[in-house]
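Me: I would like to learn how to read the features of a protein model in order. Could the structure be shown before we begin?

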Amino acid sequence: MTQGPCAIADDIRVFNRGWLSSTNVLCLGDDPALVDTGHVKHAAQTVALVRDALGGQPLARIAHTHLHSDHCGGTGALQAGWPAAQTWVPEPSLDAAQRWDERALSFGPTGQRCERFQAQHALRPGDTVRLGARTWQIHAAPGHDNLAVLLFEPTARILIAGDALWEHGVGVIFPQIDGGEGFAGFERTLQTIEALQPEWVVPGHGQPIARAGGGVERAFGQARARVQHFQAHPAQHALYAAKVMVKYQLLDVEAMALDDFQAWAGAAAILRQLHALHRPEQPWSDWLQHAVLAPLLDKGTLHQDATHIRNGAD
Ligand SMILES: [Zn+2]
């Protein structure tokens, strides 16, 4: 866990808690705002971090780069803590969030949990939004999630990238799993980011990346290489995604009885889709054990004994 004043600017705070919770960006000013709220598992900690950083000022706004469960799981708790706070979500997600359609919001198909929250406002590409002391441009960011947005502050050239750009590698390209155009969208988003020429990129997971010293360029190079590799070998993307889904679940619940794990995996529609994309000829349970779990167990990413599967250190 890292926090506190960061090198980007005095009015920007970045909370970084590893992989299960996304990076949270607190924008200080007259209307303090938090961008992305982490996983529900860390919701109480998120509220405490924000309360501490605000020093008595109320949180006025909450915004989301996209509505994956690791980016909006703390929103309900923040709204309970600051009932007057107004909440923004990407425009195509607003209706689903207001109706709390778990299927459209991806929590159903991924078998992930997220606490319900209220959303009042849309983040529309081409518009701007006031967060903290700054006005942020909104840009579309297809690829990882076709509904996602980037937030860019053009004065200091700060980009809040969500999961569109990480320092190393790329996140799962979800639209590709649903039969959409994920790889091409991802490349378009990289081009959008390149054209913005950010001095700082705050990724959805990990520490802020500085252009000075070549960090942003290196991140681009790695992301491009990874997406091109997946484009050439889409079955490998499916396997990577399946491993991510399973590890993420164990990061959340930490341990599951083997029967419960089988039931969870069998009910997670996305894993069925990934099985079909990776090795449809291999029987489901054989695929799950030998293609997905075995490499994770070999690396110590997960552990399995006679009764349980558990999260590992890696
Ligand atoms: Zn995401």
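The dialogue below takes up domains, sheets, helices and a metal site in turn.

Reply: Please keep in mind throughout that this is a predicted model.

Me: Let us begin with the domains. Which residue ranges does the domain assignment of the protein chain give?

Reply: The assignment places domain 1 at residues 12-231 and domain 2 at residues 235-311. Taken over C-alpha atoms, the centres of the two domains are separated by 26 Å. Their contact involves 24 residues from domain 1 and 19 residues from domain 2.

Me: How should I read a sheet? What is the strand order in the open sheet of six strands?

Reply: One reads the order of the strands, then the sense of pairing, then the edges. In the open sheet of six strands, the order is β1-β2-β3-β4-β5-β6 and the pairing is mixed. The edge strands, each pairing on one side only, are β1 (12-15) and β6 (121-123). From one strand to the next, the twist averages 20 degrees.

Me: Which sense of pairing, parallel or antiparallel, joins β1 to β2, and which joins β5 to β6?

Reply: β1 and β2 run antiparallel and are joined by four bridges; within this pair, Phe15 stands opposite Asn24 of β2. β2 and β3 also run antiparallel, with three bridges between them, and here Leu26 faces Leu34 of β3. By contrast, β5 (residues 86-90) and β6 run parallel, joined by three bridges, and Trp88 stands opposite His121 in β6.

Me: What should I look for in the connection between β2 and β3? Which residue of the hairpin takes a positive phi?

Reply: Backbone torsions are a useful item to inspect in a turn. The hairpin of β2 and β3 has five residues between the strands, and Gly29 there takes a positive phi near 150 degrees. Another positive phi belongs to Trp100, the residue following α4, with a value near 50 degrees.

Me: How do I judge the two faces of a strand? Which residues of β2 lie on each side?

Reply: In a regular strand, side chains alternate between the two faces of the sheet. In β2, Asn24 and Leu26 lie on one side, while Val25 and Cys27 lie on the other; all are buried, and both faces of the strand are covered.

Me: How are helices placed on this sheet? Which strands does α1 lie across?

Reply: One asks which strands a helix touches and at what angle the helix runs. Helix α1 (residues 43-54) lies across β1, β2 (24-27) and β3 (33-35), at about 25 degrees to β2. Helix α4 (residues 91-99) lies across β5 and β6, and its direction is at about 120 degrees to β5. The buried residues of α4 are Ser93, Leu94, Ala96 and Ala97, and these pack against β5 and β6.

Me: Let us turn to the sheet of three strands. What is the strand order there?

Reply: This open sheet has the order β13-β15-β14, with antiparallel pairing. Its edge strands are β13 (255-257) and β14 (302-304), each pairing on one side only. The twist averages 15 degrees from one strand to the next. Three bridges connect β13 with β15 (residues 308-311) in the antiparallel sense, and Ala255 has Arg310 of β15 as its bridge partner.

Me: Which helices accompany this sheet, and which strands do they contact?

Reply: Helix α10 (residues 258-267) lies across β13, β14 and β15, running at about 95 degrees to β13. Helix α12 (residues 284-298) packs on the sheet and touches β14 and β15; its direction makes about 110 degrees with that of β14.

Me: How is a metal site read? Which atoms coordinate the zinc ion?

Reply: One lists the donors, then examines the geometry and the sequence positions. The zinc ion is coordinated by His66 (NE2), His68 (ND1), His144 (NE2) and Asp163 (OD), at 2.1 to 2.4 Å. In sequence, the donor residues are spaced H-x1-H-x75-H-x18-D. Among them, His68 and Asp163 link distant parts of the chain, 95 residues apart: His68 is in the loop between β4 (61-63) and α2 (69-72), and Asp163 is in the loop between β10 (158-162) and α6 (174-177).

Me: Why is the arrangement of the four donor atoms irregular?

Reply: The arrangement is irregular because the donor atoms subtend angles of 87 to 176 degrees around the zinc ion. A tetrahedral assignment would need all angles between 85 and 135 degrees.

Me: Are His68 and Asp163 buried or exposed?

Reply: His68 is buried, with a relative accessible area of 11%. Asp163 is also buried, with a relative accessible area of 5%. The cut-off for this reading is under 20%.

Key: Residues are numbered from 1 along each chain as its sequence is written. This is a predicted model: local features need pLDDT of at least 70, side-chain atom pairs count only at pLDDT 80 or more; totals for chains, interfaces and linings use all residues. Side-chain values use heavy atoms; hydrogens and water are left out. Two strands pair if DSSP finds at least two bridges between them. Helices (H or I, at least four residues) and strands (E, at least two) are DSSP runs, numbered from the N terminus. Axes are lines fitted to C-alpha atoms, for helices over the stretch in contact, and angles run from 0 to 180 degrees between N-to-C directions. Contact means heavy atoms within 4.5 Å. Donors are N, O and S atoms within 2.8 Å of the metal (3.2 Å for Na, K and Ca); water is not among the atoms, so sites may look incomplete. Four donors count as tetrahedral if all angles lie between 85 and 135 degrees; four count as square planar and six as octahedral if opposite donors are over 155 degrees apart and all others between 65 and 115; anything else is irregular. Buried means under 20% relative accessible area, exposed over 50%, partly exposed in between (1.4 Å probe, protein chains only). Domain bounds come from an automatic or database domain assignment.
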